[in-house]
Amino acid sequence: MSYLGFPRLTFAGTFQSDICTVNNIPPYYDNTMFEPRFQWRMSMPDYNGLWHPKGSNAIRLTDLRITSTSLPDGTLLTTRAQDPLVGCRVTDDDLRAHGKFVDLDPQNQMVSELYGLRLRILDGEGTEVLRGDFAPSPVDDVWLRARLPSGRGDPSGAYQSVLTGLQWGEVRSPALQAIRAATTGGRLSVKLVMDSVEDGVEHWPDNVTYGRLVGTIGPHLAGEPQQFVAGRRLRRTPDGALNPAPCRVDEAASAVFVDLGNSTPTTARGGPLVDLGPVNLVAMGTTPVVLAPLTGTEPAAYERTAGIAVARLTREQLEIARKTPLAIRKATGEVLLAENADATYLRCEKVVFRLHPGKTQASATTVVHATRFGRPAAGVEVFLGTGGEPAAFGHPEKVVTGSDGRALISMTGKDPGNPRKWVDGVAVECPYGFTDGNREPEGQIAARIFDPCPLPARPTWVRDVQPILQQYSNLYPSMNAILDLGNYHHVIRHQTYIRRTLLAPRESPNHMPVTRDLSPGRRDMIVKWLDTKPAPPVLEIETIEDLRGALQQALLVELATIPPYLATLFSIKPGHNVKIAELIRGVVIEEMQHLAQVCNILNAVGGKPQLGRPGLVPTYPGRLPGPVLPDVTVRLRRLSIEHVRNCFMAIEQPDHPTLDGKEFKGAVIKPENVRLDQAGNVKSVPADDIRALEEWFNKAEYTPMTIGWFYDRIARGISKLDAAGGLFTGDPALQVSWPDAPGVLYRVTDKKSALLAIYQIVEQGEGSPHDLDGDDLADPGELGHYYRFAEIVEGRQLVRTSSGEWKYEGPEIPFDPEGVHPVVDDADTFRLAAGSQPRRASETCDESYTNLLTALNRLFNGHPDEFDDTVGLMYQIQLQAKALYDTPAPADSGAVLGPAFQSPGLRF
């Protein structure tokens, strides 16, 4: 027995498919290539995050009503007078989160499963009559049911499963009483057909993400398959318009049931079924014989009967149907659907698998059922695969059914070798079918084999955890309304709940991640990190690879500060705010020097600096890359006191470390003790100074996740790894010189030059005021960046008073708001209409920025002689940025465009 028979209960109405679409595009899984616009809705020709990027993946049963019930004798009850449940609600759980749609893999979205769905039937007073958990099941028989005005197809699909954990209330419905009495094993058969989901691509109505759901509940017998009816299958004819349909011959009821609920086309999205006219059940023997008319095929019956058609047979007709291939045929003679010549059917009980090499879940089994004329078929040989499956997927080439018409299929997963790099594991599609005949597949096993994840002895945020959680933050953006999984502070704040949801059963609607694509190895690693006391570690540099990774992130931190500073600098009109422009320009040049300095250090330790695509390019508004200042949002804005205070000073906020329990301010070494040549090579430095500097780095305690803390950790790593030997293996020819740089661009060849370089970066960025020339004024070369920005905010230069205190009481630094272009905040090329003149102008500026990053990448990877070409590109960006100020910003009265500093890495 199953839903496909008598007794049964039918319901229909609307549901919400709140799926997330940004994670459907495999290249988006690369964190370094991800851009904020991928979380926007598509606006062609910009694909962005497709049609619903911020969905929660939830399924919500918004308005489903019982439309009919059927008694064991087939009597159809369609009014509340006949059955008190007619017109009553079928809804989801009111005590826990909604169920979820879950794709197997971004490269196989055709077997999306339902997890955590709980169905409830309420009576007319809202009292619960029945509740049951929908056992996870994949969508089946997906096809294009309607044709939209644009010519696109509108999909339809079905989910068949069982309801488990049944809880019954007072049942007064005669049909539901009969269903309860007929079922065994504590389960009910259920099928849901979903179609007509509005995606808003062709127009934008109020019902985007909502669609139509028609469902049926019936008895289930212990031992029967859960996800299909082990009966017969009517197949598509060569020119037919119908999708294949399940079919069952019920000898006890002397009837044949054909499920056309997901087979008949509709006239439009959400519209009625195509009118097939009178349809007969035909026995396709040597001479076709019309057995009986099929009832319930009229378009108006769809929501009432779920498209289940019935042919009532005499005992003689039933005997013919038992041993003859069946078809449904129009009165005109057109065959709509038909069984194959030997009336065979093949189907696996379970078809979706997640395999985890190295874990207990490295293998799995399923059972394939073969039927002939709806009865178990013994001795049927079944092929599996085409020979082109990944080597990591182990499976038999063929199996043979036993006397019960079943055969066991065993599968194994081995290490796939990370073939997709950013997408975990490999997706497998393994067709199966009858070995005789033309070997056409009857179905397909879908598997995902995950990459093993060895458990580190001490996982850290930077190396192990953040790359995983950042991917989920990117690809499941609705979660960002609660917490940003890429933000260490957010994760720690919610760590108890995160831990609990990671360990929740996969079937639970609370399981995280919603996508169910986190391997046990990765999950266990994150849980171990969360459990680390006294606090989950952020960064530990134990290996040369750790150091190179940290230096690459430091490089990106320096790069990320330059566009915001330039955007503000460029916004100043010529001849206005001259002193402010001078201060900001000085900071920009030093940040460029810091970027170059980090590249020199990275090259010295055998790394390879990556600037520009295909690596990470900072985007705005956004966080700084790496493990620094996770709660600071960096923006592109015109000059204002507010912006300098809230953004620039937050970036450069000094963090004076403690040393032996006391706050440390001042200099560690005297710059004049360091002798260099014009190229930046260290000629001599007192050994005591280097010892003092190394000791200072190893003892200084900064506030975690500040820029000073980050560079201190890098310096400690250099000291530790250099002591083991073999650290500075890079080619000296890769070192870049900048004789005109502010301060010194050190050519790094050893520990002392590396530590001196890092010390200069920290001092220029966060250093306390110094009066090097004795004039009691903190000149730009004597000020850390924070204090220069503070001078702009305070409107006065910093001076040392007669009492030795530093105060903003020096010469005035005036700010003239009229001397600033009215540049739009956070300029974004992709917010501009594709093909428009503003878009083209912004793209031209972006192209120059992309070229600059490419040139910088070449400069620090073996072409130091191209320094002047790189400088020329910097001036070109300035010219193009200022040209944007002549272009009004769309829909922003009085504002003009500004440089977006974007470098798109993915185009479709």
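**Exercise 1. A bend at D660**

Where does D660 lie, in terms of the strands around it? Work out its backbone and its exposure too.

*Solution.* Keep in mind that this is a predicted model.

- Step 1: find the place. D660 lies in the loop between strand 32 (658–659) and strand 33 (662–663).
- Step 2: look at the backbone. D660 has a positive phi of about 55 degrees, although it isn't a glycine.
- Step 3: check the surface. The relative accessibility of D660 is 62%, so D660 counts as exposed, given that exposed means over 50%.

**Exercise 2. Another positive phi**

Take F901 and decide: is F901 buried or exposed?

*Solution.*

- Step 1: locate F901. You'll find F901 in the segment after helix 16 (867–884).
- Step 2: read its phi. The value is positive, about 50 degrees, and F901 is not a glycine.
- Step 3: compare with the cut-off. Buried means under 20% relative accessible area, and F901 has a relative accessibility of 3%, so F901 counts as buried.

**Exercise 3. The chain as a whole**

Put together a quick overview of the chain: how many helices and strands are there?

*Solution.*

- Step 1: count the elements. The chain has 16 helices and 37 strands.
- Step 2: get the dimensions. Along its principal axes, the C-alpha trace spans about 115 × 60 × 50 Å.
- Step 3: ask how much is covered. Of the 908 residues in the chain, 58% are buried.
- Step 4: look at the contacts. Take those between residues at least 6 apart in sequence: 69% of them join residues at least 24 apart.

**Exercise 4. Salt bridges**

Which parts of the chain does the pair R522 and D424 tie together? Compare the setting of this pair with two other salt bridges.

*Solution.* Side chains of opposite charge can pair when their charged atoms come close.

- Step 1: check the distance. R522 and D424 meet in a salt bridge of 3.7 Å, N to O, and the cut-off for such a pair is within 4 Å.
- Step 2: place both ends. R522 is in helix 7 (residues 520–530), while D424 is in the loop between strand 29 (406–413) and strand 30 (426–434), so the pair ties together parts that are 98 residues apart in sequence.
- Step 3: look at exposure. R522 is partly exposed, with a relative accessible area of 26%, whereas D424 is buried at 6%.
- Step 4: try D63 and R65. Their closest N and O atoms are 3.2 Å apart, and they form a salt bridge. D63 is partly exposed at 35%, and R65 is partly exposed at 37%.
- Step 5: try D712 and R713. This salt bridge is 3.1 Å, N to O, and both D712 and R713 are buried.
- Step 6: look for shared partners. D93, D94, R96, R118, R120, E128, R131 and D133 are joined into one network by salt bridges that share partners.
- Step 7: get the total. The whole structure holds 63 salt bridges.

**Exercise 5. Two helices that pack**

Describe how helix 11 and helix 12 pack: at what angle, and with their axes how far apart?

*Solution.* Two packed helices are described by the angle between their axes and the distance between the axes.

- Step 1: read the geometry. Helix 11 (residues 687–699) packs against helix 12 (residues 707–723) at about 120 degrees, and their axes are 9 Å apart.
- Step 2: name the arrangement. That angle makes helix 11 oblique to helix 12.
- Step 3: give the handedness. The crossing of the two helices is left-handed.
- Step 4: list who touches. Helix 11 brings E694, F697, N698 and K699, and helix 12 brings D712, A715, R716 and S719.
- Step 5: sort the contact residues. They divide into two nonpolar, two polar and four charged.

**Exercise 6. A covered helix and two cis bonds**

How many of the residues of helix 14 are buried? Then find the cis peptide bonds at P513 and P614.

*Solution.*

- Step 1: count. Helix 14 (residues 785–794) is mostly covered, with nine of its 10 residues buried. Among them are Y786, F789 and I792.
- Step 2: look just past helix 14. There, G795 takes a positive phi of about 75 degrees.
- Step 3: move to P513. The peptide bond from M512 to P513 is cis, with omega near 0 degrees, and P513 lies in the loop between helix 6 (495–502) and helix 7.
- Step 4: finish with P614. The bond from R613 to P614 is cis, with omega near 10 degrees, and P614 lies in the loop between helix 9 (578–604) and helix 10 (641–651).

Note on methods:
Residues are numbered from 1 along each chain as its sequence is written. This is a predicted model: local features need pLDDT of at least 70, side-chain atom pairs count only at pLDDT 80 or more; totals for chains, interfaces and linings use all residues. Side-chain values use heavy atoms; hydrogens and water are left out. A salt bridge is a side-chain nitrogen of Lys or Arg within 4 Å of a carboxyl oxygen of Asp or Glu. Buried means under 20% relative accessible area, exposed over 50%, partly exposed in between (1.4 Å probe, protein chains only). Helices (H or I, at least four residues) and strands (E, at least two) are DSSP runs, numbered from the N terminus. Axes are lines fitted to C-alpha atoms, for helices over the stretch in contact, and angles run from 0 to 180 degrees between N-to-C directions. Angles under 35 degrees count as roughly parallel, over 145 as roughly antiparallel, 65 to 115 as roughly perpendicular and the rest as oblique. A crossing is left-handed if the near helix is turned anticlockwise from the far one by less than a right angle, and right-handed if clockwise. Contact means heavy atoms within 4.5 Å. Ala, Val, Leu, Ile, Met, Phe, Trp, Tyr, Cys and Pro count as nonpolar, Asp, Glu, Lys and Arg as charged, and the others, Gly among them, as polar.
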